[in-house]
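I opened the model to look up one buried side chain and then the sheet. My notes follow in the order I made them.

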Amino acid sequence: MLAAWERAAGSSAGSRPAEPAPPALSSPPAADPRPRGRCGGARRSAGGAARRRGLAAAAAAAASGGWRRAAMGTAAVHLLLLLGLLHAGPGGEGRKGWRRRGPAARERGGEAAAESFPLDFTAVEGNMDSFMAQVKSLAQSLYPCSAQALPHDLRLHLLHNASVTCNDGSPAGYYLKESKGSRRWLLFLEGGWYCFNRENCDTRYDTMRRLMSSREWPATRVGTGILSSQPEENPHWWNANMVFIPYCSSDVWSGASSKSEKNEYAFMGALIIQEVIKELVGKGLSTAKVLLLAGSSAGGTGVLLNVDRVAEQLEEMGYQGIQVRGLADSGWFLDNKQYRRTDCIDTITCAPTEAIRRGIRYWNGIVPERCKLQFKEGEEWNCFFGYKIYPTLRCPVFVVQWLFDEAQLTVDNVHLTGQPVQEGQWLYIQNLGRELRNTLKDVTASFAPACLSHEIITRNHWTDIQVKGTSLPRALHCWDRSLHESNKNGKAPLKGCPIHLIDSCPWPHCNPSCPTIRDQFTGQEMNVIQFLMHMGFDVQKMAQQQGLEPSKLLGMLSSGN
């Protein structure tokens with residue numbers, strides 16, 4: 001990890017991998033019956049509210065639509081103005097095509113709430129900042145209360161089955177934000193390392209209790225990144241049904257053992273996912289078209305371990321029509337040799353292979369049967385490593401992985417303290433990038449920037465990172481389209497819509513879109529050349545190795561080539 005730098009996004013790096021930054025927390029405001037101008041008036045008509053909600057949805061949809069910039073500009077804004085005029089037609093009635101009343105409402109004279117049909121436009125192409133500003137300004141002027149009217153919070157639901165618990169025996173649960181009318185569901189598995197014996201689990205409970213207990217979970221969370229309800233932050237999945245499943249089992253989502261007199265802690269990660277699926281079926285998942293199981297860090301590995309099991313569970317429940325897919329972020333670890341071998345004392349010093357060997361026994365961990373059959377009895381730990389389990393998976397999975405993952409470097413005992421690295425460390429870091437790149441060459445859908453970082457899909461800057469000119473949301477959109485087209489008529493991946501994106505440059509942060517790094521002592525941002533030199537990068541020597549002039553190498557680094 002970086003101990004001497006801080007990310008521009010505000011997260012500081014320490015001697016151990018940063019825990020996933022939890023989404024900002026908020027509590028619902030207390031109910032207040034008093035009118036508050038245009039936003040709080042109790043006398044607004046149902047038709048007026050529907051009209052304004054429809055217009056807000058139209059503006060948001062237009063902001064996330066797939067029109068090209070050349071055709072957008074004035075024409076699109078005129079279209080929104082026209083929609084506004086149509087919604088503000090005679091008598092205050094909105095257009096019938098936007099909302100439909102159910103039969104029960106007609107029987108009661110049409111006074112019941114109208115049924116909503118959120119629009120589902122796909123990701124925009126290119127830079128949309130200017131157009132987005134125009135659309136947001138227009139939407140706010142036409143309906144200034146839209147931001148308050150749309151529910152963005154994910155609300156906590158503790159599992160009804162009290163026997164499926166967190167480590168300490170408190171009930172497991174999930175956060176849900178429903179999107180009525182949408183048939184897409186996104187389930188996110190939180191990350192946060194693991195523990196593999198009584199001693200380091202006790203330490204984890206003392207220092208990171210929220211990752212082992214639900215007793216202090218807040219009532220709501222606000223989704224960020226791919227869990228955001230804002231189309232400018234989440235252009236393709238903003239109106240899906242969102243589910244955030246907190247990590248409180250410390251077992252990489254693999255455990256199946258309950259707390260008992262013999263076991264001080266429960267490890268039920270795999271069972272928690274199954275129980276959440278059962279409850280969501282009663283909340284609308286039964287009518288889903290697509291379920292995307294996503295996760296970061298330990299949650300990303302959890303996706304690889306559980307995506308097929310979720311598909312099988314839904315099939316057994318009679319929901320064969322739901323397309324189950326996986327999105328694994330920063331969970332594609334390597335079982336490589338450490339830079340400097342150390343004793344297996346805790347999760348930081350223990351080699352990944354040894355930690356998982358011990359953990360799978362302690363957790364009573366389970367792995368997919370198809371992967372298990374590839375290895376001898378007692379070697380099921382191999383299935384925790386992405387490049388070994390991926391070929392056995394039936395469900396399509398999109399892999400997002402930094403080529404120089406901070407968590408991988410930490411367990412490999414490469415600790416970047418801000419001091420210049422030794423030549424051996426530098427060569428090890430470069431080789432790590434090559435090894436990881438090689439494991440992804442046969443992965444159909446992947447996004448691997450040459451950056452030194454960890455986790456991305458729930459960061460609010462996730463739209464900024466690009467590989468070969470394509471952003472991650474755009475790549476996910478292309479993947480979604482390619483799966484739709486292949487299911488439809490067996491076509492090959494769409495031209496001009498790449499889904500296999502791996503940086504080829506060999507050094508950390510040689511991609512100019514990587515998250516910005518700051519010098520912790522000065523607070524100054526560092527460009528890629530300053531960062532590499534700060535780490536002890538020898539321009540003369542590296543240029544000689546590459547057969548280049550030093551000036552040309554510096555130019556390539558500056559441009560990200």
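Before starting, I fixed the term I need: a polar contact is a pair of N or O atoms within 3.5 Å, one able to donate a hydrogen and the other to accept it. The model is predicted, and I read it as such.

Entry 1, N413. I located N413 in the loop between helix 13 (406-411) and helix 14 (423-439). Is N413 buried or exposed? I found N413 buried, because its relative accessible area is 3% and the cut-off for buried is under 20%.

Entry 2, polar partners of N413. I looked at the side chain of N413 and found one of its polar atoms 2.7 Å from the backbone oxygen of R340. I also noted a polar contact of 3.0 Å between the side chains of N413 and T342.

Entry 3, neighbours of N413. Which residues does N413 touch, leaving aside those up to four places away in sequence? I listed Q338, Y339, R340, T342, I348 and T349.

Entry 4, the sheet. I traced an open sheet of 10 strands with mixed pairing, in the order 5-2-3-6-4-7-8-9-11-15. Strand 5 (220-222) and strand 15 (500-502) are the edge strands, each pairing on one side only. From one strand to the next, the twist averages 20°.

Entry 5, one strand pair. Strand 3 (residues 173-177) and strand 6 (residues 241-245) run antiparallel and are joined by 3 bridges. I found F244 of strand 6 opposite Y175.

Entry 6, a helix on the sheet. I noted that helix 9 (residues 298-316) lies across strand 4 (184-189), strand 7 (290-296), strand 8 (323-329) and strand 9 (397-400). Helix 9 runs at about 155° to strand 7.

Technical notes: Residues numbered from 1 in each chain as written. Predicted model: local features only at pLDDT ≥ 70, side-chain atom pairs only at ≥ 80, totals over all residues. Heavy atoms only, no water. Helix = DSSP H or I, 4+ residues; strand = E, 2+ residues; numbered from the N terminus. Buried < 20%, exposed > 50% of the residue type's maximum accessible area, 1.4 Å probe, protein only. Contact = heavy atoms within 4.5 Å. Pairing = 2+ DSSP bridges. Axes fitted to C-alpha atoms, helices over the stretch in contact; angles between N-to-C directions.
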